Amino acid sequence: MHRGKQKKHLQVLGKNAINTIRGIISRKEYKNLPVYVSFSGGKDSLVVLDLARASLKQRELKAFFLNTGIEFPETVEFVRNFCREREISLIEANAGSTFWEQVGKFGPPAKDFRWCCKVCKLASAGNFDTQKEASSRKGNSDVAYLTIDGKRKHESFSRARIAASETNPFVPAQLNIFPIRDWKAIEVWLYIHWRQLSYNPLYDLGFERVGCWLCPSALAAEYARVKDLHPEMYAKWNAFLLEWAKSRGLSEKFVEHGFWRWKELPPKMLKLAKELEISVLAREKN
């Protein structure tokens with residue numbers, strides 16, 4: 001795309017996103033409610049924070065960072081610095097050591113068993129103090145506050161049908177607004193460069209996504225980078241996985257080849273296990 005056309009395209013995208021935000025937050029039942037931006041430190045939430053600031057000239061805006069306790073140190077530092085430098089109010093909810101307290105009971109999180117999201121994210125979001133402080137300010141609906149979120153439908157099949165706004169069944173007082181739901185990843189990056197926004201340094205260190213550092217959905221190459229960047233974090237997780245596998249009669253190879261990342265192994269992984277002669281039948285715990 002030619003640079004002039006590119007800029008025009010980004011201006012149109014940005015304007016549409018700003019109109020989406022303004023159209024929802026200015027509704028009669030929402031216009032007195034507090035507005036937050038869900039800021040994870042990732043590229044999508046960065047763009048949404050920039051768009052929200054452009055949309056809310058006359059209204060207070062706060063960034064909300066949900067620290068799961070298993071975030072990359074670089075992400076935590078980036079979120080705090082970005083908000084401090086731009087004088088954006090930041091609220092940080094911290095799950096602390098919740099993950100490490102629960103992992104023994106649930107086992108490692110898996111692509112098809114993401115218990116960590118509910119335990120570390122939704123529990124903290126549900127306890128979010130805004131709910132209490134804002135409940136007295138509710139409009140005509142049950143919504144107590146608005147959250148602008150960077151979720152995009154191109155990220156996964158499960159997100160393919162996102163509405164412009166929706167409530168979260170786990171956090172019913174919150175109305176989520178998704179202004180960049182139709183954007184592609186390339187458009188997100190072009191916008192970041194066009195607006196000259198500083199972004200999470202992990203993207204330049206070989207990471208495609210910058211969520212929790214031990215996420216089962218991370219690429220194998222990203223795990224290798226964790227080992228290089230934070231050997232102590234990698235060693236802690238690997239030690240847990242080996243102990244967990246051993247207690248179920250599973251081999252070190254089971255961990256080494258990433259079989260722990262599924263609760264129910266897909267056909268391709270069952271085939272690989274057969275080829276490598278790795279047993280995937282765990283001994284049932286009492």
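1. The lining of the second largest pocket in this predicted model divides into 14 nonpolar, 1 polar and 7 charged residues. The pocket itself holds about 540 Å³ of space, and of the 22 residues that line the second largest pocket, those closest to its centre are Trp-244, Arg-248, Trp-262, Lys-263 and Ala-282. A colleague looking at the structure could start from these five names and work outwards to the rest of the lining.

2. Enclosed space is a separate matter. Rolling a probe the size of a water molecule over the atoms shows where empty space is left. In this structure there is 1 cavity of 30 Å³ or more, and the largest cavity has a volume of about 60 Å³. Its lining is made up of Phe-72, Phe-207, Arg-209, Gly-211, Cys-212, Trp-213, Ala-218, Glu-222, Tyr-223 and Val-226. By class, the lining of the largest cavity comprises 7 nonpolar, 1 polar and 2 charged residues.

3. For the chain as a whole, 11 helices and 6 strands are assigned, and 44% of the 286 residues count as buried. Of the contacts in the chain with a separation of 6 or more, 69% are made by residues 24 or more positions apart. The accessible surface of the chain comes to about 15700 Å², and carbon and sulfur atoms account for 50% of that surface.

4. Helix H1 deserves a paragraph of its own. Its 23 residues should span 33 Å at 1.5 Å a residue, and the end C-alpha atoms of H1 are 33 Å apart, which agrees with that expectation. The buried residues of H1 are Leu-10, Leu-13, Gly-14, Ala-17, Ile-18, Thr-20, Ile-21, Ile-24 and Ile-25. An α-helix has 3.6 residues a turn, so residues three or four places apart point the same way; the reader may wish to view the buried positions of H1 with this in mind.

5. What does Thr-20 touch, leaving aside its neighbours within four places in sequence? Thr-20, which lies in helix H1, residues 3–25, is in contact with Ala-164, Ile-177, Pro-179 and Arg-181. With one of these partners, Ile-177, the C-alpha separation is 8.2 Å, although the two residues are 157 residues apart along the chain.

6. Tyr-191, in helix H7 (residues 185–194), has 3% relative accessibility and therefore counts as buried, the cut-off being under 20%. Beyond residues up to four places away in sequence, Tyr-191 touches Leu-10, Val-47, Asp-50, Leu-51, Trp-183 and Leu-197. Leu-10 in this list is also one of the buried residues of H1, while Val-47 is 144 residues from Tyr-191 in sequence and 7.4 Å from Tyr-191 in space, C-alpha to C-alpha.

7. Is Thr-75 buried or exposed? Its relative accessibility is 0%, so Thr-75 counts as buried. The residue lies in helix H3, which covers residues 73–85, and when residues up to four places away in sequence are not counted, Thr-75 touches Ser-40, Gly-41, Asn-200, Leu-202 and Val-210.

8. Two glutamates should be checked for their backbone geometry. Glu-87 has a phi near 55°, a positive value in a residue other than glycine, and Glu-277 likewise has a phi near 55°. Glu-87 is found in the loop between H3 and strand S3 (89–94), whereas the place of Glu-277 is in the segment after helix H11 (267–276). Glu-87 has a relative accessible area of 75% and is therefore exposed; Glu-277, at 74% relative accessibility, also counts as exposed.

9. Lys-253 in helix H10 (residues 252–256) is partly exposed, with a relative accessible area of 43%; that value falls between the limits of 20% and 50%, which means that the residue is classed as neither buried nor exposed. Not counting residues up to four places away in sequence, Lys-253 touches Phe-259 and Ile-278. The C-alpha atoms of Lys-253 and Ile-278 are separated by 6.9 Å, with their positions 25 residues apart along the chain as the separation is counted.

Notes. Residues numbered from 1 in each chain as written. Predicted model: local features only at pLDDT ≥ 70, side-chain atom pairs only at ≥ 80, totals over all residues. Heavy atoms only, no water. 1 Å grid on protein atoms, 1.4 Å probe; cavity = no way out; pocket = protein on both sides within 12 Å on 5 of 7 lines; lining within 4 Å. Points joined across faces, edges and corners; volume = space filled by probe spheres on them. Nonpolar A, V, L, I, M, F, W, Y, C, P; charged D, E, K, R; others polar. Helix = DSSP H or I, 4+ residues; strand = E, 2+ residues; numbered from the N terminus. Buried < 20%, exposed > 50% of the residue type's maximum accessible area, 1.4 Å probe, protein only. Contact = heavy atoms within 4.5 Å. Areas by Shrake-Rupley, 256 points an atom, 1.4 Å probe, with all protein chains shown as cover. Expected span 1.5 Å × (residues − 1).
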